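Trainee: I keep running into words like "buried" and "pocket" and I never know what earns them. Could we go through a structure together and ask that each time?

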Amino acid sequence: MNIVLASASPRRKELLSNLNLDFKIMKSYIEEFVNDKYTPESIAMSLSFQKAIDVANKTGKNSIVIGADTIVVLDEKILGKPKDEQDAFNTLNQLSGKCHKVITGISVLRLSDNKKIIDYEVTKVKMREFSEDEIKRYIKTTEPMDKAGSYAIQGYGSLLVEQINGDYFNVVGLPVSKLGQILYRHFDVNII
């Protein structure tokens, strides 16, 4: 079986590489549409499934495709990737001193028998209070610009995080433990 990661995210690539799996990367080109009528968990799962299906349609039948989508939620409102520096500033200002959720939808598809598992992981993240000056200095690093919620917990953004409750790797972008369980239990892929 060929394992295909339906993501161009360098963070997801690194996390999957740490599992010593042989895999390929194929970027999904879906248009990410968020319907506010659905729960954040449903949205994350739907987007991960759309990505996986998009890539599955371009691969051979002998493939297992992994799709993932990570969203940041504050008070049931999704905080996406910032459009510009002002948007990043506004998002980080909202997160200061508050607890939010990071939700990653994960979809694993096996094309040979059309088997699919769709799930999600939630991690709660508490940010410390930070000043407007700290936010501006963080934005100058450019790290927030392509991240959901405008921060990267594995980088400078770690300085803003006070506490997490749940899977750290989920906040980075791929719930590794959950993915490993799905691959082992449902797709007979042994990692350890």
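Trainee: How many nonpolar, polar and charged residues does the lining of the largest pocket have?

Mentor: Keep in mind that this is a predicted model. By class, that lining has 19 nonpolar, 10 polar and 12 charged residues. The space in the largest pocket comes to about 930 Å³. Of its 41 lining residues, the closest to the centre are Glu32, Asp69, Thr70, Lys81 and Ala148.

Trainee: What makes a residue count as lining in the first place?

Mentor: A lining residue has an atom within 4 Å of a point of the pocket. Strand E3 (63–74) gives the largest share of that lining, 5 residues. Among the other elements that supply at least two residues are helix H1 (10–17), helix H2 (40–56) and helix H5 (168–172).

Trainee: And which residues line the second largest pocket?

Mentor: Its lining includes Ile53, Ala56, Leu109, Arg110, Asn114 and Lys115. Two or more residues each come from H2, E5 and strand E6 (115–127). By class, the lining divides into 4 nonpolar, 4 polar and 4 charged residues. The space there is about 160 Å³.

Trainee: Okay, on to single residues. Why is Ile103 called buried?

Mentor: Buried means under 20% relative accessible area. Ile103 has 0%, so Ile103 is buried. This residue is found in strand E5 (residues 99–110). Leaving out residues up to four places away in sequence, Ile103 touches, among others, Pro40, Glu41, Ala44, Asp69, Tyr120 and Val122.

Trainee: How far apart are Ile103 and Gln86, in sequence and in space?

Mentor: They're 17 residues apart in sequence and 24 Å apart in space, C-alpha to C-alpha.

Trainee: Glu41 is on that list of touching residues. Is Glu41 buried or exposed?

Mentor: Buried. Put the value against the cut-off of under 20%: Glu41 is at 16% relative accessibility, so Glu41 counts as buried. Glu41 is found in helix H2. Besides Ile103, Glu41 touches Lys101, Tyr120 and Val122, again not counting residues up to four places away in sequence.

Trainee: Then what about Asn20, buried or exposed?

Mentor: Exposed takes over 50%. Asn20 has a relative accessible area of 70%, so Asn20 is exposed. Asn20 sits in the loop between H1 and E2. Asn20 also has a positive phi of about 60 degrees, although it is not a glycine.

Trainee: And why is Glu76 called exposed?

Mentor: Same kind of check: the cut-off is over 50%, and Glu76 is at 52% relative accessibility, so Glu76 counts as exposed. Glu76 is found in the loop between E3 and E4. Its phi is positive too, about 65 degrees, although Glu76 is not a glycine.

Trainee: Now helices. How do you know that the buried residues of H4 line one face?

Mentor: The buried residues of helix H4 (residues 132–140) are Ile135, Tyr138 and Ile139. Looking down the axis of H4, they fall within an arc of 100 degrees, so they line one face of the helix. These buried residues pack against helix H3 (85–95). Just after H4, Thr142 takes a positive phi of about 70 degrees.

Trainee: And what puts the buried residues of H1 on the same side?

Mentor: In H1, the buried residues are Arg11, Arg12, Leu15 and Leu16. Around the axis they cover an arc of only 130 degrees, so they are on the same side of H1. Pro10 and Glu14, on the other side of H1, are exposed. Covering the buried residues of H1 are elements including strand E1 (2–5), strand E2 (23–25) and helix H6 (176–187).

Trainee: Last one: how do you know that the radius of gyration agrees with a compact globule?

Mentor: With 192 residues, a compact globule would have a radius of gyration near 16 Å, and the protein has 17 Å, which agrees. The C-alpha atoms fill a box of roughly 55 × 35 × 25 Å along the principal axes. Buried residues make up 49% of the 192 residues. The protein has 6 helices and 7 strands.

Technical notes: Residues numbered from 1 in each chain as written. Predicted model: local features only at pLDDT ≥ 70, side-chain atom pairs only at ≥ 80, totals over all residues. Heavy atoms only, no water. Buried < 20%, exposed > 50% of the residue type's maximum accessible area, 1.4 Å probe, protein only. Helix = DSSP H or I, 4+ residues; strand = E, 2+ residues; numbered from the N terminus. Arc of directions from axis to C-beta. Contact = heavy atoms within 4.5 Å. 1 Å grid on protein atoms, 1.4 Å probe; cavity = no way out; pocket = protein on both sides within 12 Å on 5 of 7 lines; lining within 4 Å. Points joined across faces, edges and corners; volume = space filled by probe spheres on them. Nonpolar A, V, L, I, M, F, W, Y, C, P; charged D, E, K, R; others polar. Rg over C-alpha atoms; globule rule 2.2 N^0.38 Å.
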